Amino acid sequence: MSTSTIERTKEETKASQQVLGSEAVLKCLIEEEVDTIFGYPGGAIMPVYDSLYGYSDQLNHYLSRHEQGAIHAAQGYARSSGKVGVCFATSGPGATNLITGITDAMIDSTPLVCITGQVASHLLGSDAFQETDIIGISMPVTKWNFQVTQADEIPEAIAKAFYIAKSGRPGPVLIDITKDAQQSSFEYTYKPCDRIRSYHPYPELRKEPLEAAAKLINTAKKPYLLFGQGVILSEAEEELQAFIEKTGIPAASTLLGLSAFSTRHPLYVGYTGMHGNYGPNVKTNECDVFIAVGMRFDDRVTGDVSTYAAQAKVIHIELDPAEIDKNIKSEVAINGDAKQALKALLPLVNENTHEDWLEEFHACDRIEMDKAIKKSIDPASSKMTMAEVIHKLSNYTEGKSLVVTDVGQHQMMASRYYKFDHKRSHITSGGLGTMGFCLPAAIGAKIGAQDREVIAIVGDGGFQMTLQELGLIMQYNVGVKILILNNEFLGMVRQWQQLFFDKRYSFTEMQNPDFIKLSESYNVPARRIENRDELEDAFDNWLNTDGASLLEVMVEKEENVFPMVPTGSSVSKIRLE
Amino acid sequence: MEEKLYTISILTEDKPGLLNKITIIFNRRKINIRSLNVSSSEISEVSRYTIVVSLTKVDVEKIVKQIRKVVDVLGSFYYEESEIYYREIALYKLGLQVYEENKELEQLIRNHGAKIVATENDQIVIEKTGIKQETHELYEALVPYDLLEFVRSGRVALSKSKRRTEAFIQELETSNSNSLSIKEF
């Protein structure tokens with residue numbers, strides 16, 4: 001047989017291939033260049049897992065210990081790699097256990113494709129074993145969802161799922177596949193999706209707002225720029241830097257924008273929000289032109305919206321039209337991708353410097369240093385503080401590690417004191433504030449960026465919400481470095497109880513297990529330290545261990561995160577102590 | 001800002017589950033839907049939703065933008081009362097005997113521009129099309145006659161603009177931009 005005959009036969013086989021629905025799922029994933037899946041098997045998704053058995057050379061599946069672990073890992077993977085995170089779960093409880101992660105991915109714009117098994121189509125609506133209406137449940141928290149009841153719907157559904165998840169403002173998509181659809185054969189072909197007529201993810205930039213924005217920027221005396229995760233999602237880090245450097249505008253980050261711009265840059269003035277830096281918060285209400293790039297004015301950023309940047313002309317660069325004028329009314333709205341918008345804006349703006357204005361930020365920095373930072377990073381107490389540990393970790397790693405945090409005081413301390421100097425280096429649960437996010441997300445982040453040093457910074461509370469994923473670390477040798485900052489309290493809630501609830505510490509004190517023994521039982525080497533003079537040596541051992549390792553630092557029980565903008569207050573009313 | 005009645009008109013692909021995806025946008029914000037109607041449009045496989053809400057202009061704009069985000073929504077627009085032609089339909093059921101014993105009823109029904117659409121099982125069914133105030137007036141008039149049952153449909157509305165839905169859909173199919181679905185149409 002000649003080569004061309006063989007080729008032709010191959011093509012024909014490909015064209016008329018009879019494939020099981022369950023196998024088609026995997027073929028579609030491979031077409032979408034997926035090589036990593038996080039998941040947990042169960043009855044209704046067993047056919048897919050059975051097919052997966054024969055695909056282990058092309059698809060790396062990581063078995064979590066709980067579906068919530070699987071989805072947070074997929075989120076961490078997506079955010080460190082820039083690819084779509086994929087996760088599998090079974091019907092009923094398997095699917096409902098994904099919901100927290102799906103919701104988190106929705107509010108933090110993380111591209112995910114979740115595939116859930118479902119009971120056979122003739123049992124739908126019959127309250128069958130492990131049947132739940134996951135389409136109904138996930139509707140408000142997915143960018144799109146779809147139930148497949150026939151095998152031949154699988155390729156189109158998955159193609160659409162990937163296109164929707166990753167295009168425009170990314171988000172989670174859920175595909176629910178009934179067991180009978182997985183088990184029936186059909187003629188398999190795959191066509192990627194690049195167009196849906198009702199869905200237009202990339203608005204064309206319009207000339208007028210760009211010109212209007214440039215005019216405002218070029219005549220501004222006190223311009224101020226705040227960037228968010230939109231910069232990271234559109235990979236606009238270089239364009240952002242070029243724009244900031246050309247215009248000389250002081251720039252601050254939102255929580256999710258961190259690491260999009262080096263904290264060492266002379267025009268970087270800190271991070272904003274409830275526990276952000278003093279300067280960027282108060283200067284928000286003093287600037288004349290406010291440029292928001294790829295961010296959505298979350299209430300933790302704005303505090304009281306009626307006073308927020310009320311004196312300024314706001315330029316809002318944002319991909320999602322529904323975010324424009326949602327919380328803060330803009331003078332000029334540039335509806336578009338941050339990268340494209342910054343590229344288009346760059347030639348229209350003048351080279352400039354704003355030395356006096358920048359100096360005002362530095363003056364604020366000195367106040368913050370005296371009143372808040374010094375006592376946090378160089379405390380008088382014999383016990384270490386979270387701020388101090390993170391400050392030293394930042395110096396030790398030179399701001400180059402990929403830091404994944406959980407939710408609470410340690411998260412705010414990490415965003416304040418870790419000095420990011422490498423892009424895509426900060427992963428946290430920002431919008432939803434999901435405790436338990438850190439450990440599984442760090443696992444996914446490491447798998448998605450194997451050459452990076454991934455550090456999971458977590459509190460004693462959040463660690464115990466998903467610590468079962470130490471099992472995943474053990475089974476697949478995932479080299480995550482875990483730092484537990486243990487204050488034996490739910491620290492952020494305790495801080496609020498202290499400040500706003502008359503120190504009535506209602507159910508925030510925790511009796512913890514021996515984290516060292518626990519970690520060692522999963523073959524993760526671990527060490528606990530209590531004294532400051534052990535810290536450097538502990539870092540040495542912890543970060544130079546091959547594979548995963550855990551360091552538990554006992555910290556001050558009643559440390560508070562300051563500065564703080566109390567809920568609903570103006571950002572000008574930020575408390576320094 | 002003052003609340004007003006707004007009529008939201010939505011063009012969508014004809015897909016199951018979409019009604020739910022649209023109504024949860026209102027539920028989540030605790031916005032009461034005054035009336036809702038789903039029907040086919042003049043384009044095959046394109047549905048038209050007509051939703052009436054009482055909101056401020058700022059809020060109705062936000063809602064319309066959220067609706068546009070739903071995949072399978074082709075377009076979403078809002079109108080004030082003066083910008084649309086709109087009607088509701090109401091049905092009223094009376095006992096046949098009551099109708100026959102009260103001769104003035106025939107005139108009353110005619111005066112209201114209503115008509116009898118069924119007479120069977122000792123009952124009559126009256127149909128009235130109009131704006132809510134008109135169907136309500138007939139309701140008030142029929143209550144003294146032992147009104148057995150009453151139902152009113154959701155509002156259906158068409159905008160006064162000379163737009164062609166077909167042209168809009170065609171533009172959507174050829175454009176790469178989402179600014180289309182944003183502009184007033």
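Me: What share of the contacts in chain A with a separation of 6 or more is accounted for by residues 24 or more positions apart?

Reply: The share is 77%. The model is a predicted one, and a pair of residues enters this count as a contact if the C-beta atoms lie within 7 Å.

Me: What makes chain A as compact as a globular protein of that length?

Reply: Chain A contains 24 helices and 20 strands. Its radius of gyration is 25 Å, and the globule rule gives 25 Å for 577 residues; the two values are close, so chain A is as compact as a globular protein of that length. Along the principal axes, the C-alpha atoms of chain A fill a box of roughly 75 × 60 × 50 Å. Of its 577 residues, 56% count as buried.

Me: Why is A:Asn281 called buried or exposed?

Reply: The threshold for a buried residue is 20 or more other C-beta atoms within 10 Å. A:Asn281 has 28 such atoms within that distance, and therefore it is classed as buried.

Me: Where does A:Asn281 lie in chain A, and which residues is A:Asn281 in contact with, leaving aside its neighbours within four places in sequence?

Reply: A:Asn281 belongs to helix α13, which covers residues 278–284 of chain A. With those neighbours set aside, its contacts are A:Thr272, A:Gly276, A:Val565, A:Val571 and A:Ile574. By contrast, A:Lys191 is 90 residues away along the chain, and its C-alpha atom is separated from that of A:Asn281 by 49 Å.

Me: How do you know whether α12(A) and α15(A) are roughly parallel or roughly antiparallel to each other?

Reply: Two packed helices are described by the angle between their axes and by the distance between those axes. For helix α12 (residues 237–247) and helix α15 (residues 338–345) of chain A, the axes come within 9 Å and cross at roughly 30°. Angles under 35 degrees count as roughly parallel, and therefore α12(A) and α15(A) are described in that way. The crossing in which α12(A) passes α15(A) is left-handed.

Me: Which residues make the contact of α12(A) with α15(A), and how do they divide into nonpolar, polar and charged?

Reply: From α12(A) come A:Glu239, A:Leu240 and A:Phe243, and from α15(A) come A:Lys339, A:Leu342, A:Lys343 and A:Leu345. These residues divide into 4 nonpolar, no polar and 3 charged.

Me: How many residues does the contact take from chain A and from chain B?

Reply: Chain A contributes 19 residues and chain B contributes 24 residues. On the side of chain A that touches chain B, the residues divide into 12 nonpolar, 4 polar and 3 charged.

Notes. Residues numbered from 1 in each chain as written. Chains lettered and ligands numbered in written order. Predicted model: local features only at pLDDT ≥ 70, side-chain atom pairs only at ≥ 80, totals over all residues. Helix = DSSP H or I, 4+ residues; strand = E, 2+ residues; numbered from the N terminus. Rg over C-alpha atoms; globule rule 2.2 N^0.38 Å. Buried ≥ 20, exposed ≤ 12 C-beta atoms within 10 Å, placed from the backbone. Contact = placed C-beta atoms within 7 Å. Axes fitted to C-alpha atoms, helices over the stretch in contact; angles between N-to-C directions. Parallel < 35°, antiparallel > 145°, perpendicular 65-115°, else oblique. Left-handed = near helix turned anticlockwise from the far one by under 90°. Nonpolar A, V, L, I, M, F, W, Y, C, P; charged D, E, K, R; others polar.
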